[in-house]
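Welcome! Take a moment to look over the sequence and the model, and then let us walk through some of its features together.

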Amino acid sequence: MRELLRHNNQDLLRDLERMREPVQQAAGALPQEMQSFYDWLIVRLDTFNQLIEENLRDLARQQDSILPDILSNTQVVTRYLQLFNRFLISPVIRVQPSDRLCLKLLSWLHAVHSKTSAIPVAMSDGDFASWPDPRFPTIYFMPPSAQRRLLYLPLFFHEFGHLLFACHKQEMEDLITDLQKQIADFLEPGKQQGGSASPLELEQRNTIVETWFEWTQEIFCDAVGFVIGGPAYAYSFSMYFRMRSREEYHVRLDDLVGRTHPVTWLRIRLITDRARRMGLTEVATALEDSWQTIAAGMGVSEDYSGFFEPQFLPAIQQTIDDMLTEAAPYQFDDLAGNESSVESPAHLVNQAWDRFFNNADDYADWEAAAIKDWLAFTG
């Protein structure tokens with residue numbers, strides 16, 4: 001055991017050295033918005049180094065009684081270094097000058113909420129996603145081409161919703177549990193058709209109820225995106241997904257089971273419902289028409305195999321409203337003509353979508369100038 005532990009700790013020490021080298025080499029090129037993340041990272045790497053060296057010193061003491069403790073400590077460090085390799089090193093060593101656009105938006109997102117203002121941010125390459133754990137910096141993922149544009153930046157607002165959910169986890173899960181009970185009550189056999197249900201029907205009911213635990217989280221994050229970004233979020237979401245595949249519109253019953261995200265067309269339905277409730281009828285109609293047009297072109301009809309029924313909608317939206325009250329995200333206020341601060345990225349991305357729709361041919365030149373001006377103005 002002693003020799004095995006010695007080899008593993010020696011290997012961990014070398015792995016940590018290889019981790020630290022590119023991180024420190026990149027330090028001089030980091031944007032200001034990455035500094036708090038970098039400082040956090042260096043402190044943790046130093047801590048891991050101390051723990052590994054302590055393990056090696058303890059092994060040299062030749063005391064068999066402490067081997068179980070050394071084993072446990074070695075396993076802890078191993079898991080953390082794997083975690084850091086997976087999420088937390090790449091944002092530093094891949095950094096590009098163009099990252100400032102995304103990083104400024106993400107830093108602003110965190111700064112305008114009391115629960116997240118002290119959580120460092122970083123970004124990496126990949127499809128839109130995030131790693132939201134309040135105990136660590138939040139890592140946001142975005143396709144490389146989208147990082148240099150304005151139109152899809154509002155999708156970060158959805159990912160920020162996952163962090164708000166994590167910051168209010170217990171309260172959020174309690175609200176979702178209440179919604180599940182309402183959906184279960186609606187689906188209860190006898191209330192719909194009379195009589196008793198077969199085992200297969202009961203299993204289907206339970207599956208639908210369980211599925212809404214994950215689905216509600218995604219719908220909440222869409223609502224956060226819309227509250228923060230206004231129409232720009234709705235347009236970004238719609239444009240990004242509507243041409244991807246037939247599965248954005250319809251998913252077979254067997255594939256709905258265990259699915260963590262609602263069918264995208266259902267998410268559009270809920271976003272447009274929220275838009276109408278906020279008085280944005282034109283936005284809602286435009287989204288609905290575009291999705292209906294593409295669906296008709298593919299010969300697809302709206303059908304969620306019982307996982308969603310129109311009767312669910314009031315309970316779902318009330319739950320989302322309650323979750324928004326609990327999370328209290330920043331609210332875009334251009335709708336009332338009050339979003340006067342040109343520093344706000346929410347204002348910027350809505351300007352971008354207005355410009356794109358009104359003059360798409362000249363949009364690219366406008367966008368490049370707008371990004372340059374906004375970065376210069378915000379410092």
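Is E288 buried, partly exposed or exposed? At 30% relative accessibility, E288 counts as partly exposed. Please keep in mind as you read on that this is a predicted model.

**Salt bridges**

E288 is a good place to begin, since its side chain meets that of R276 in a salt bridge, with 2.8 Å from N to O. This pair links distant parts of the chain: E288 belongs to helix α12 (residues 281-298) and R276 to helix α11 (residues 264-277), 12 residues apart. R276 counts as partly exposed too, at 35% relative accessibility. Elsewhere, E17, R18 and E21 are joined into one network by salt bridges that share partners. As a general point, side chains of opposite charge can pair when their charged atoms come close.

The count of salt bridges comes to 19. Three of them, including the one you have just met, are set out here.

| Salt bridge | N to O distance |
|---|---|
| E288 and R276 | 2.8 Å |
| D133 and R135 | 2.7 Å |
| D255 and R252 | 3.2 Å |

How covered are the partners in the other two rows? D133 counts as buried, at 15% relative accessibility, while R135 counts as exposed, at 64%. In the remaining pair, D255 is partly exposed at 35% relative accessibility, and R252 is partly exposed at 48%.

**The whole chain**

Now step back for a wider view. The chain has 15 helices and three strands. Its C-alpha atoms fill a box of roughly 75 × 60 × 35 Å, taken along the principal axes. Of the 379 residues, 50% are buried. The accessible surface comes to about 18,100 Å², and carbon and sulfur atoms hold 48% of that area.

Contacts give another view of the fold. Among those with a separation of 6 or more, 74% join residues that are 24 or more positions apart. As for charge, the chain carries 33 positive and 54 negative charges, and the mean positions of the two sets are 5 Å apart.

**A negative patch**

Which residues form a negative surface patch? They are E171, D174, D178 and E326. Helix α7 (residues 169-186) gives the most to this patch, with three residues. E326 has its place in helix α13 (residues 313-327). Why can E326 belong to a surface patch? Its relative accessible area is 32%, and patches are made of residues with over 30% and no salt bridge.

**Covered places**

Next, turn to helix α9 (residues 231-241), which is mostly covered: 10 of its 11 residues are buried. Among the buried ones are P231, Y233, Y235, F237 and F241. A232, A234, S236, S238 and Y240 are buried as well.

T116 offers a look at a covered spot in a loop, in this case the one between α5 (99-111) and β1 (121-125). Is T116 buried or exposed? With 0% relative accessibility, T116 counts as buried. Leaving aside neighbours within four places in sequence, T116 is in contact with L109, H110, F160, L163, L164 and C167.

**Two loop residues with positive phi**

Two residues are worth a look for their backbone angles. Q62 has a positive phi of about 60° although it is not a glycine. Q62 is found in the loop between α2 and α3 (67-88), and at 54% relative accessibility it counts as exposed.

A328 is not a glycine either, and its phi is positive at about 50°. A328 lies in the loop between α13 and α14 (345-358). With a relative accessible area of 47%, A328 is partly exposed.

**Two distances to try**

If you would like to follow the fold yourself, here are two pairs to find. E54, in helix α2 (residues 35-60), is partly exposed with a relative accessible area of 39%. The C-alpha atoms of E54 and I70 are separated by 9.1 Å, and the two residues are 16 residues apart along the chain.

The other pair starts from E214 in helix α8 (residues 199-229), which is partly exposed with a relative accessible area of 36%. E214 and M172 are 42 residues apart in sequence, and from C-alpha to C-alpha they are 12 Å apart in space.

Key:
Residues are numbered from 1 along each chain as its sequence is written. This is a predicted model: local features need pLDDT of at least 70, side-chain atom pairs count only at pLDDT 80 or more; totals for chains, interfaces and linings use all residues. Side-chain values use heavy atoms; hydrogens and water are left out. Patches are made of residues with over 30% relative accessible area and no salt bridge: like charges are joined within 9 Å, nonpolar side chains (Val, Leu, Ile, Met, Phe, Trp, Tyr) within 5 Å. Accessible areas come from the Shrake-Rupley method with a 1.4 Å probe; for residues, only the protein chains shown count as cover. A salt bridge is a side-chain nitrogen of Lys or Arg within 4 Å of a carboxyl oxygen of Asp or Glu. Lys and Arg count as positive and Asp and Glu as negative; His and the chain ends are not counted. The place of a charge is taken as NZ of Lys, CZ of Arg, CG of Asp or CD of Glu. Helices (H or I, at least four residues) and strands (E, at least two) are DSSP runs, numbered from the N terminus. Buried means under 20% relative accessible area, exposed over 50%, partly exposed in between (1.4 Å probe, protein chains only). Contact means heavy atoms within 4.5 Å.
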